[in-house]
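Could you walk me through this structure in an easygoing way? I'd like to go from single residues up to the way the chains meet.

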Amino acid sequence: MEEKELIQNLKKLRQIKPEKEWVLLTKEKILGREITPVFTVFKPAFAALTVFGILFSLFVFAQNSLPGDLLYPLKKAVEKTQTLFVSQEEKPKLTLELADKRLKELNQIVQNNKIENLAPALNEFEKTKTEVKKEVVTIVKNKPKEEAVKLAKELGGKLIEIKKKEKNVYATLNTEPSEETNQTAEKTILEILIKDAENSTLTEEQKEDFEKVKEFYKTQEYQKGLEFYLTSSLNKNVEK
Amino acid sequence: MDKLRKTFGKIYDRYIDKIYRFVFLKVGSKEIAEDLTSETFLRGWETFKEKQKEIENVQAFLYQIAKNLVVDYYREKNKTQIVSAEALPIADPRQNLEEKIAQNLDLERIKKALNQLNDDYQNAIIWHYLEELPIKEIAQLLEKSEGATRVLISRALNALRENIQKV
(Lines give C-alpha, C1' and ligand atoms only; values in the text may rest on other atoms or scores of the structure.)
Protein backbone atom coordinates (compact mmCIF):
# COMPACT_ATOMS: atom_id res chain seq x y z
CA MET A 1 0.00 0.00 0.00
CA GLU A 2 1.41 3.39 -1.01
CA GLU A 3 2.11 5.86 1.78
CA LYS A 4 -0.43 8.39 0.51
CA GLU A 5 -3.11 5.70 0.29
CA LEU A 6 -2.22 4.42 3.75
CA ILE A 7 -2.53 7.88 5.28
CA GLN A 8 -5.87 8.43 3.52
CA ASN A 9 -7.13 5.12 4.88
CA LEU A 10 -5.87 5.96 8.38
CA LYS A 11 -7.99 9.11 8.30
CA LYS A 12 -11.02 6.97 7.47
CA LEU A 13 -10.69 5.43 10.93
CA ARG A 14 -12.14 8.74 12.16
CA GLN A 15 -15.48 7.13 11.41
CA ILE A 16 -15.10 5.28 14.70
CA LYS A 17 -17.30 7.09 17.17
CA PRO A 18 -19.08 6.21 20.38
CA GLU A 19 -22.86 5.73 20.50
CA LYS A 20 -24.70 9.00 21.09
CA GLU A 21 -26.86 7.51 23.79
CA TRP A 22 -23.82 6.31 25.70
CA VAL A 23 -22.14 9.71 25.30
CA LEU A 24 -25.13 11.49 26.83
CA LEU A 25 -25.59 9.00 29.65
CA THR A 26 -21.92 9.08 30.54
CA LYS A 27 -21.88 12.88 30.60
CA GLU A 28 -24.85 12.83 32.92
CA LYS A 29 -23.18 10.25 35.12
CA ILE A 30 -20.00 12.28 35.44
CA LEU A 31 -21.38 15.79 35.59
CA GLY A 32 -24.94 15.28 36.72
CA ARG A 33 -27.94 16.81 35.02
CA GLU A 34 -27.79 20.42 33.87
CA ILE A 35 -30.60 22.55 35.28
CA THR A 36 -30.95 25.80 33.43
CA PRO A 37 -33.63 28.17 34.69
CA VAL A 38 -35.77 29.29 31.77
CA PHE A 39 -38.43 31.50 33.28
CA THR A 40 -37.72 34.22 35.76
CA VAL A 41 -41.36 35.28 36.04
CA PHE A 42 -43.75 32.39 36.51
CA LYS A 43 -47.13 32.82 34.79
CA PRO A 44 -49.12 29.61 35.17
CA ALA A 45 -51.29 29.80 32.06
CA PHE A 46 -48.52 30.93 29.76
CA ALA A 47 -46.14 28.39 31.27
CA ALA A 48 -48.67 25.56 30.82
CA LEU A 49 -49.24 26.51 27.19
CA THR A 50 -45.52 26.80 26.52
CA VAL A 51 -44.86 23.45 28.16
CA PHE A 52 -47.65 21.85 26.15
CA GLY A 53 -46.33 23.45 22.98
CA ILE A 54 -42.82 22.23 23.67
CA LEU A 55 -44.03 18.71 24.49
CA PHE A 56 -46.17 18.58 21.37
CA SER A 57 -43.25 19.71 19.19
CA LEU A 58 -41.03 17.17 20.88
CA PHE A 59 -43.48 14.37 20.05
CA VAL A 60 -43.70 15.53 16.46
CA PHE A 61 -39.93 15.75 16.04
CA ALA A 62 -39.50 12.45 17.82
CA GLN A 63 -41.53 10.66 15.14
CA ASN A 64 -38.80 11.38 12.61
CA SER A 65 -35.91 10.58 14.91
CA LEU A 66 -33.54 7.72 14.27
CA PRO A 67 -31.67 5.41 16.64
CA GLY A 68 -28.85 7.38 18.21
CA ASP A 69 -30.80 10.68 18.06
CA LEU A 70 -31.68 12.48 21.27
CA LEU A 71 -35.45 12.13 20.84
CA TYR A 72 -35.42 8.49 19.77
CA PRO A 73 -36.21 7.16 23.27
CA LEU A 74 -39.35 9.30 23.19
CA LYS A 75 -40.39 7.75 19.88
CA LYS A 76 -39.91 4.28 21.41
CA ALA A 77 -41.92 5.27 24.50
CA VAL A 78 -44.84 6.39 22.31
CA GLU A 79 -44.73 3.10 20.37
CA LYS A 80 -44.74 1.16 23.63
CA THR A 81 -47.86 3.01 24.78
CA GLN A 82 -49.58 2.17 21.49
CA THR A 83 -48.98 -1.54 22.02
CA LEU A 84 -50.83 -1.36 25.34
CA PHE A 85 -54.07 -0.23 23.69
CA VAL A 86 -54.09 -2.54 20.71
CA SER A 87 -56.59 -5.45 20.54
CA GLN A 88 -55.51 -9.10 20.51
CA GLU A 89 -56.55 -9.35 16.84
CA GLU A 90 -54.34 -6.44 15.86
CA LYS A 91 -51.35 -7.45 17.99
CA PRO A 92 -49.70 -9.76 15.42
CA LYS A 93 -49.87 -7.07 12.75
CA LEU A 94 -48.45 -4.40 15.06
CA THR A 95 -45.67 -6.68 16.25
CA LEU A 96 -44.42 -7.22 12.73
CA GLU A 97 -44.88 -3.57 11.85
CA LEU A 98 -42.41 -2.70 14.60
CA ALA A 99 -39.74 -4.92 13.09
CA ASP A 100 -40.48 -3.40 9.72
CA LYS A 101 -40.15 0.09 11.21
CA ARG A 102 -36.74 -0.67 12.69
CA LEU A 103 -35.61 -2.04 9.35
CA LYS A 104 -36.87 1.09 7.55
CA GLU A 105 -34.91 3.24 10.01
CA LEU A 106 -31.81 1.17 9.37
CA ASN A 107 -32.30 1.46 5.63
CA GLN A 108 -32.74 5.23 5.91
CA ILE A 109 -29.52 5.53 7.85
CA VAL A 110 -27.60 3.41 5.35
CA GLN A 111 -29.00 5.29 2.35
CA ASN A 112 -28.21 8.68 3.88
CA ASN A 113 -24.80 7.56 5.08
CA LYS A 114 -25.51 8.54 8.69
CA ILE A 115 -22.57 6.64 10.11
CA GLU A 116 -23.06 7.96 13.61
CA ASN A 117 -26.57 6.44 13.75
CA LEU A 118 -25.57 3.10 12.28
CA ALA A 119 -24.43 1.36 15.43
CA PRO A 120 -27.54 2.25 17.48
CA ALA A 121 -29.80 1.34 14.54
CA LEU A 122 -28.27 -2.10 14.10
CA ASN A 123 -28.61 -2.64 17.85
CA GLU A 124 -32.26 -1.56 17.83
CA PHE A 125 -33.10 -3.79 14.91
CA GLU A 126 -31.49 -6.87 16.49
CA LYS A 127 -33.30 -6.17 19.78
CA THR A 128 -36.64 -5.73 18.05
CA LYS A 129 -36.16 -8.85 15.94
CA THR A 130 -35.61 -10.92 19.09
CA GLU A 131 -38.71 -9.42 20.76
CA VAL A 132 -40.84 -9.85 17.66
CA LYS A 133 -39.91 -13.52 17.35
CA LYS A 134 -40.81 -14.12 21.01
CA GLU A 135 -44.12 -12.39 20.44
CA VAL A 136 -44.87 -14.49 17.34
CA VAL A 137 -44.41 -17.72 19.31
CA THR A 138 -46.80 -16.51 22.04
CA ILE A 139 -49.41 -15.41 19.51
CA VAL A 140 -49.63 -18.61 17.45
CA LYS A 141 -49.40 -20.98 20.41
CA ASN A 142 -52.47 -19.51 22.08
CA LYS A 143 -54.81 -19.68 19.12
CA PRO A 144 -57.30 -22.40 18.12
CA LYS A 145 -56.10 -24.70 15.32
CA GLU A 146 -57.62 -23.09 12.22
CA GLU A 147 -56.72 -19.59 13.27
CA ALA A 148 -53.20 -20.71 14.26
CA VAL A 149 -52.59 -22.10 10.78
CA LYS A 150 -53.80 -18.90 9.13
CA LEU A 151 -51.67 -16.76 11.42
CA ALA A 152 -48.69 -19.08 11.04
CA LYS A 153 -48.75 -18.59 7.27
CA GLU A 154 -49.17 -14.83 7.58
CA LEU A 155 -46.55 -14.30 10.27
CA GLY A 156 -44.19 -16.82 8.69
CA GLY A 157 -44.43 -14.93 5.43
CA LYS A 158 -43.68 -11.66 7.16
CA LEU A 159 -40.68 -13.10 8.99
CA ILE A 160 -39.19 -14.31 5.71
CA GLU A 161 -39.85 -10.92 4.13
CA ILE A 162 -38.08 -9.16 6.98
CA LYS A 163 -35.18 -11.59 6.66
CA LYS A 164 -34.84 -10.76 2.94
CA LYS A 165 -34.98 -6.99 3.56
CA GLU A 166 -32.43 -7.38 6.35
CA LYS A 167 -30.07 -9.20 4.00
CA ASN A 168 -30.40 -6.38 1.44
CA VAL A 169 -29.63 -3.68 3.99
CA TYR A 170 -26.60 -5.53 5.31
CA ALA A 171 -25.46 -6.14 1.70
CA THR A 172 -25.18 -2.38 1.17
CA LEU A 173 -22.85 -2.41 4.18
CA ASN A 174 -20.84 -5.16 2.46
CA THR A 175 -21.63 -7.59 5.21
CA GLU A 176 -24.19 -10.20 6.17
CA PRO A 177 -26.51 -10.44 9.14
CA SER A 178 -25.24 -12.56 12.01
CA GLU A 179 -26.19 -16.27 11.95
CA GLU A 180 -29.67 -16.95 13.25
CA THR A 181 -29.02 -19.01 16.36
CA ASN A 182 -32.55 -18.65 17.64
CA GLN A 183 -35.08 -20.09 15.19
CA THR A 184 -37.73 -20.85 17.80
CA ALA A 185 -40.33 -18.74 16.01
CA GLU A 186 -39.69 -20.35 12.64
CA LYS A 187 -39.70 -23.79 14.28
CA THR A 188 -43.03 -23.18 16.02
CA ILE A 189 -44.64 -21.92 12.83
CA LEU A 190 -43.30 -24.83 10.81
CA GLU A 191 -44.62 -27.32 13.39
CA ILE A 192 -48.11 -25.85 13.09
CA LEU A 193 -47.99 -26.03 9.30
CA ILE A 194 -46.61 -29.59 9.28
CA LYS A 195 -49.35 -30.77 11.65
CA ASP A 196 -51.95 -29.12 9.46
CA ALA A 197 -50.62 -30.82 6.32
CA GLU A 198 -50.49 -34.20 8.10
CA ASN A 199 -54.23 -33.96 8.82
CA SER A 200 -55.07 -33.06 5.24
CA THR A 201 -55.46 -34.85 1.92
CA LEU A 202 -52.54 -33.92 -0.25
CA THR A 203 -52.05 -34.13 -3.99
CA GLU A 204 -49.02 -35.98 -5.35
CA GLU A 205 -47.16 -32.70 -5.83
CA GLN A 206 -48.06 -31.61 -2.30
CA LYS A 207 -46.90 -34.95 -0.88
CA GLU A 208 -43.51 -34.44 -2.54
CA ASP A 209 -43.21 -30.92 -1.21
CA PHE A 210 -44.29 -32.11 2.23
CA GLU A 211 -41.41 -34.62 2.36
CA LYS A 212 -39.01 -31.78 1.56
CA VAL A 213 -40.47 -29.64 4.34
CA LYS A 214 -40.15 -32.52 6.83
CA GLU A 215 -36.53 -32.96 5.75
CA PHE A 216 -35.79 -29.30 6.48
CA TYR A 217 -37.45 -29.72 9.88
CA LYS A 218 -35.41 -32.84 10.64
CA THR A 219 -32.15 -31.06 9.83
CA GLN A 220 -33.28 -28.07 11.97
CA GLU A 221 -33.23 -25.70 8.99
CA TYR A 222 -36.49 -24.13 10.13
CA GLN A 223 -36.09 -20.88 8.25
CA LYS A 224 -35.34 -22.62 4.97
CA GLY A 225 -38.21 -25.04 5.64
CA LEU A 226 -40.60 -22.17 6.18
CA GLU A 227 -39.37 -20.36 3.09
CA PHE A 228 -39.84 -23.51 1.02
CA TYR A 229 -43.32 -24.18 2.44
CA LEU A 230 -44.55 -20.70 1.59
CA THR A 231 -43.48 -20.97 -2.05
CA SER A 232 -44.55 -24.62 -2.47
CA SER A 233 -47.80 -26.25 -3.56
CA LEU A 234 -48.62 -26.76 0.15
CA ASN A 235 -49.30 -23.09 0.59
CA LYS A 236 -52.63 -23.35 -1.16
CA ASN A 237 -55.84 -24.31 0.56
CA VAL A 238 -55.30 -27.94 1.50
CA GLU A 239 -58.33 -30.22 1.60
CA LYS A 240 -59.41 -31.29 5.05
CA MET B 1 -18.91 25.06 40.73
CA ASP B 2 -21.66 25.38 38.13
CA LYS B 3 -19.34 27.38 35.90
CA LEU B 4 -16.64 24.72 36.27
CA ARG B 5 -19.17 22.02 35.46
CA LYS B 6 -20.29 23.88 32.36
CA THR B 7 -16.70 24.40 31.21
CA PHE B 8 -15.84 20.75 31.67
CA GLY B 9 -19.07 19.83 29.93
CA LYS B 10 -17.82 21.65 26.85
CA ILE B 11 -14.46 19.91 27.16
CA TYR B 12 -16.30 16.59 27.34
CA ASP B 13 -18.32 17.38 24.22
CA ARG B 14 -15.21 18.42 22.37
CA TYR B 15 -13.00 15.45 23.17
CA ILE B 16 -15.26 12.48 23.90
CA ASP B 17 -15.12 11.17 20.33
CA LYS B 18 -11.36 11.52 20.09
CA ILE B 19 -10.62 9.83 23.40
CA TYR B 20 -13.09 7.03 22.67
CA ARG B 21 -11.56 6.46 19.26
CA PHE B 22 -8.05 6.42 20.70
CA VAL B 23 -8.99 3.88 23.36
CA PHE B 24 -11.06 1.76 20.99
CA LEU B 25 -8.23 1.45 18.48
CA LYS B 26 -5.98 0.22 21.25
CA VAL B 27 -8.31 -2.21 23.02
CA GLY B 28 -10.51 -3.29 20.11
CA SER B 29 -13.67 -3.73 22.18
CA LYS B 30 -16.64 -1.34 22.35
CA GLU B 31 -17.45 -2.22 25.95
CA ILE B 32 -13.92 -1.83 27.23
CA ALA B 33 -13.46 1.37 25.25
CA GLU B 34 -16.63 2.79 26.83
CA ASP B 35 -15.46 1.85 30.34
CA LEU B 36 -11.98 3.27 29.95
CA THR B 37 -13.21 6.44 28.21
CA SER B 38 -15.78 7.00 30.91
CA GLU B 39 -13.07 6.53 33.55
CA THR B 40 -10.81 8.98 31.67
CA PHE B 41 -13.34 11.76 31.88
CA LEU B 42 -14.30 10.92 35.44
CA ARG B 43 -10.70 11.25 36.55
CA GLY B 44 -10.29 14.26 34.33
CA TRP B 45 -13.24 15.93 36.02
CA GLU B 46 -11.93 15.14 39.52
CA THR B 47 -8.59 16.76 38.69
CA PHE B 48 -10.18 19.63 36.77
CA LYS B 49 -12.32 20.56 39.77
CA GLU B 50 -9.22 21.04 41.97
CA LYS B 51 -6.50 22.11 39.57
CA GLN B 52 -8.11 23.70 36.55
CA LYS B 53 -5.56 26.49 36.34
CA GLU B 54 -2.66 24.04 36.36
CA ILE B 55 -3.87 22.20 33.25
CA GLU B 56 -2.15 23.88 30.31
CA ASN B 57 -3.35 21.61 27.56
CA VAL B 58 -6.65 19.83 28.21
CA GLN B 59 -6.43 17.55 25.20
CA ALA B 60 -2.98 16.30 26.16
CA PHE B 61 -4.14 15.97 29.77
CA LEU B 62 -7.02 13.71 28.74
CA TYR B 63 -4.91 11.64 26.34
CA GLN B 64 -2.39 11.11 29.12
CA ILE B 65 -5.09 9.73 31.44
CA ALA B 66 -6.49 7.54 28.66
CA LYS B 67 -3.04 6.24 27.75
CA ASN B 68 -2.30 5.31 31.35
CA LEU B 69 -5.66 3.61 31.78
CA VAL B 70 -5.05 1.47 28.69
CA VAL B 71 -1.64 0.46 30.05
CA ASP B 72 -3.23 -0.38 33.43
CA TYR B 73 -5.94 -2.35 31.70
CA TYR B 74 -3.46 -4.53 29.88
CA ARG B 75 -1.29 -4.90 32.96
CA GLU B 76 -4.29 -6.02 34.99
CA LYS B 77 -5.38 -8.44 32.32
CA ASN B 78 -1.84 -9.76 32.11
CA LYS B 79 -1.66 -9.08 28.40
CA THR B 80 0.99 -7.32 26.39
CA GLN B 81 -0.06 -4.55 24.05
CA ILE B 82 1.76 -6.12 21.16
CA VAL B 83 -0.82 -8.72 20.29
CA SER B 84 -1.18 -10.72 17.15
CA ALA B 85 -4.22 -9.92 15.06
CA GLU B 86 -5.67 -13.34 15.88
CA ALA B 87 -5.49 -12.66 19.59
CA LEU B 88 -7.47 -9.41 19.36
CA PRO B 89 -10.55 -9.41 21.59
CA ILE B 90 -13.43 -10.23 19.28
CA ALA B 91 -16.53 -8.54 20.58
CA ASP B 92 -20.03 -9.78 19.86
CA PRO B 93 -20.53 -8.98 16.16
CA ARG B 94 -23.87 -7.46 16.98
CA GLN B 95 -22.23 -5.13 19.46
CA ASN B 96 -18.82 -4.28 17.95
CA LEU B 97 -20.50 -2.32 15.28
CA GLU B 98 -17.64 0.07 14.71
CA GLU B 99 -16.09 -2.94 12.98
CA LYS B 100 -19.08 -3.03 10.67
CA ILE B 101 -18.59 0.64 9.77
CA ALA B 102 -15.09 0.03 8.45
CA GLN B 103 -16.22 -2.52 5.92
CA ASN B 104 -13.47 -1.73 3.49
CA LEU B 105 -11.04 -4.64 3.67
CA ASP B 106 -8.11 -2.20 3.68
CA LEU B 107 -9.37 -0.60 6.88
CA GLU B 108 -9.64 -3.95 8.60
CA ARG B 109 -6.07 -4.73 7.64
CA ILE B 110 -4.91 -1.34 8.87
CA LYS B 111 -6.60 -1.80 12.22
CA LYS B 112 -5.06 -5.22 12.68
CA ALA B 113 -1.65 -3.96 11.56
CA LEU B 114 -1.96 -0.98 13.92
CA ASN B 115 -2.61 -3.26 16.85
CA GLN B 116 0.56 -5.15 16.12
CA LEU B 117 2.71 -2.07 16.64
CA ASN B 118 4.25 -1.19 19.98
CA ASP B 119 2.52 1.34 22.20
CA ASP B 120 4.55 4.40 21.17
CA TYR B 121 4.17 3.68 17.46
CA GLN B 122 0.42 3.14 17.82
CA ASN B 123 0.00 6.35 19.76
CA ALA B 124 2.16 8.31 17.34
CA ILE B 125 0.12 7.17 14.35
CA ILE B 126 -3.23 7.79 16.00
CA TRP B 127 -2.29 11.22 17.30
CA HIS B 128 -0.51 12.43 14.18
CA TYR B 129 -2.52 10.99 11.29
CA LEU B 130 -5.99 10.54 12.76
CA GLU B 131 -6.26 13.30 15.30
CA GLU B 132 -3.71 15.67 13.69
CA LEU B 133 -2.22 16.76 16.98
CA PRO B 134 0.71 19.18 16.62
CA ILE B 135 4.16 17.60 16.86
CA LYS B 136 4.85 19.61 20.01
CA GLU B 137 1.89 18.03 21.80
CA ILE B 138 2.73 14.54 20.62
CA ALA B 139 6.28 15.04 21.80
CA GLN B 140 5.04 16.04 25.27
CA LEU B 141 2.78 13.01 25.45
CA LEU B 142 5.53 10.69 24.34
CA GLU B 143 8.03 12.47 26.58
CA LYS B 144 10.46 12.92 23.71
CA SER B 145 11.98 15.84 21.84
CA GLU B 146 10.19 17.16 18.76
CA GLY B 147 12.97 15.85 16.53
CA ALA B 148 12.82 12.39 18.04
CA THR B 149 9.03 12.46 17.70
CA ARG B 150 9.19 13.22 13.99
CA VAL B 151 11.59 10.31 13.50
CA LEU B 152 9.35 8.06 15.56
CA ILE B 153 6.29 8.97 13.50
CA SER B 154 8.12 8.19 10.30
CA ARG B 155 9.33 4.85 11.66
CA ALA B 156 5.85 4.05 12.94
CA LEU B 157 4.34 4.58 9.52
CA ASN B 158 6.97 2.35 7.91
CA ALA B 159 6.37 -0.33 10.51
CA LEU B 160 2.64 -0.08 9.86
CA ARG B 161 3.18 -0.49 6.13
CA GLU B 162 5.32 -3.58 6.74
CA ASN B 163 2.69 -5.08 9.03
CA ILE B 164 -0.05 -4.48 6.48
CA GLN B 165 1.84 -6.58 3.93
CA LYS B 166 1.84 -9.44 6.42
CA VAL B 167 -1.82 -9.15 7.47
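Let's start with F216(A), which you'll find in helix α9 of chain A. This is a predicted model, so it's worth asking what the confidence looks like here: among the elements of chain A, helix α9 (residues 204–218) has the highest mean pLDDT, 93. At the other end of that scale sits helix α3 (residues 44–63) of chain A, with the lowest mean pLDDT, 75. For chain A as a whole, the mean pLDDT is 80, and 87% of the residues reach 70 or more.

Back to F216(A). Its relative accessibility is 22%, and because buried would require a value under 20%, F216(A) counts as partly exposed. Leaving aside neighbours within four places in sequence, F216(A) is in contact with E221(A), Y222(A), K224(A), G225(A) and F228(A). Looking the other way along the chain, L190(A) is 26 residues from F216(A) in sequence, and their C-alpha atoms are 9.7 Å apart in space.

Carry on a little past F216(A) and you come to Q220(A), in the loop between α9 and α10 (222–231) of chain A. The backbone is worth a look here: Q220(A) isn't a glycine, yet it has a positive phi of about 60 degrees. Is Q220(A) buried or exposed? With a relative accessibility of 53%, Q220(A) counts as exposed.

Now hop over to chain B. What kind of elements is chain B built from? Chain B has 8 helices and 0 strands, so reading from the N terminus you simply get α-α-α-α-α-α-α-α. Of its 167 residues, 53% count as buried. Take the contacts in chain B with a separation of 6 or more: residues 24 or more positions apart account for 69% of them.

For a buried example, try N123(B), whose place is in helix α6 of chain B. N123(B) has a relative accessible area of 0%, so it counts as buried. Not counting residues up to four places away in sequence, N123(B) touches F22(B), K26(B), K67(B) and L142(B).

After helix α6 comes the loop that leads to α7 (135–142) of chain B, and that loop holds E132(B). Here's another residue other than glycine with a positive phi, near 50 degrees in this case. E132(B) counts as partly exposed, at 49% relative accessibility. It also has a partner in the other chain: E132(B) forms a salt bridge with K11(A), with the closest N and O atoms 3.0 Å apart.

That salt bridge takes us to the interface. How many salt bridges does the rule find between chain B and chain A? There are 5. The rule also finds 12 residue pairs in polar contact across the interface, both residues being at pLDDT 80 or more. On the chain B side, α1 (2–27), α2 (30–51), α4 (97–101), α5 (105–115), α6 (119–130) and α8 (146–166) each supply at least two residues. The largest share, 11 residues, comes from α1(B). By class, the side of chain B that touches chain A has 20 nonpolar, 6 polar and 14 charged residues.

And the overall size? Interface size is often given as the accessible area lost when the parts come together. For chain B and chain A, the buried area is about 3800 Å², with carbon and sulfur atoms giving 67% of it. In residues, the contact takes 40 from chain B and 34 from chain A.

Terms used:
Residues numbered from 1 in each chain as written. Chains lettered and ligands numbered in written order. Predicted model: local features only at pLDDT ≥ 70, side-chain atom pairs only at ≥ 80, totals over all residues. Heavy atoms only, no water. Contact = heavy atoms within 4.5 Å. Buried area = accessible area lost by both parts, 1.4 Å probe. Salt bridge = Lys/Arg side-chain N within 4 Å of Asp/Glu carboxyl O. Polar contact = N/O pair within 3.5 Å; in protein donor to acceptor, adjacent residues only side chain to side chain. Helix = DSSP H or I, 4+ residues; strand = E, 2+ residues; numbered from the N terminus. Nonpolar A, V, L, I, M, F, W, Y, C, P; charged D, E, K, R; others polar. pLDDT = per-residue confidence, 0-100. Buried < 20%, exposed > 50% of the residue type's maximum accessible area, 1.4 Å probe, protein only.
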